[in-house]
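Reader: I am new to this structure and would like to understand the reasons behind the terms used for it. Could you take me through them step by step?

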Amino acid sequence: QVQLVESGGGWVPPGGSLTLSCAASGYTSSNYAMAWFRQAPGKERALVAAFASSGIRFVYGDSARGRFTISRDRAKNTGNLRMNRLEPEDTAVYYCALTSRGNAISSTLRNIDIYEYWGQGTQVTVSS
């Protein structure tokens with residue numbers, strides 16, 4: 001059974017930083033792509049960032065570009081999202097997701113429908 005467990009969420013003042021981690025277990029292949037999505041109250045779930053299995057293909061949502069960095073730790077089987085210069089608009093529940101389509105091209109990685117496994121989500125609140 002595949003499980004994704006997010007950690008690292010919490011409260012941070014505007015301009016602060018957080019690092020989210022997603023630990024994947026039960027997935028027996030190293031060929032997968034992983035993404036972070038977020039969902040604010042009243043809004044649709046949206047892509048924040050994703051990486052392909054190769055570790056050299058990354059995509060970012062418009063809100064994340066230039067401030068957030070996604071990375072993969074193969075040894076620990078985790079995906080991390082470093083978020084800098086956080087703004088109140090970044091307040092949301094952040095979800096980790098995994099797809100077996102590890103070699104998907106960038107445009108496909110942006111498609112929420114390809115992700116077969118999801119974590120429970122972690123709340124990120126940015127406020128003063």
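Author: Let us begin with a term: a disulfide is a pair of cysteine sulfur atoms within 2.5 Å. The model shown here is predicted, and the structure holds 1 disulfide.

Reader: How do you know that C22 and C96 are joined by a disulfide?

Author: The S to S distance of C22 and C96 is 1.9 Å, and the cut-off asks for cysteine sulfur atoms within 2.5 Å, so the pair counts as a disulfide. The pair links distant parts of the chain, with C22 in strand β3 and C96 in strand β9 (residues 92–99), 74 residues apart.

Reader: Why is the disulfide of C22 and C96 called left-handed?

Author: The torsion about the S-S bond of C22 and C96 is about -80°, and therefore the disulfide is left-handed.

Reader: What makes C22 count as buried?

Author: Buried means under 20% relative accessible area; C22 has a relative accessible area of 0%, so C22 is buried. C96, likewise with a relative accessible area of 0%, is buried too.

Reader: Which side chains of strand β3 point to the face that C22 points to?

Author: Along β3 (residues 18–25) the side chains alternate, and L18, L20, C22 and A24 point to one face and are buried, whereas T19, S21, A23 and S25 point to the other and are not buried.

Reader: How do you know that β3 pairs with strand β1 and with strand β8?

Author: Pairing asks for at least two bridges. Strand β1 (residues 3–7) is joined to β3 by 5 bridges, and the two run antiparallel, with L4 opposite A24. Between β3 and β8 (residues 78–83) there are 6 bridges, also in the antiparallel sense, and L20 stands opposite L81.

Methods:
Residues are numbered from 1 along each chain as its sequence is written. This is a predicted model: local features need pLDDT of at least 70, side-chain atom pairs count only at pLDDT 80 or more; totals for chains, interfaces and linings use all residues. Side-chain values use heavy atoms; hydrogens and water are left out. Buried means under 20% relative accessible area, exposed over 50%, partly exposed in between (1.4 Å probe, protein chains only). Helices (H or I, at least four residues) and strands (E, at least two) are DSSP runs, numbered from the N terminus.
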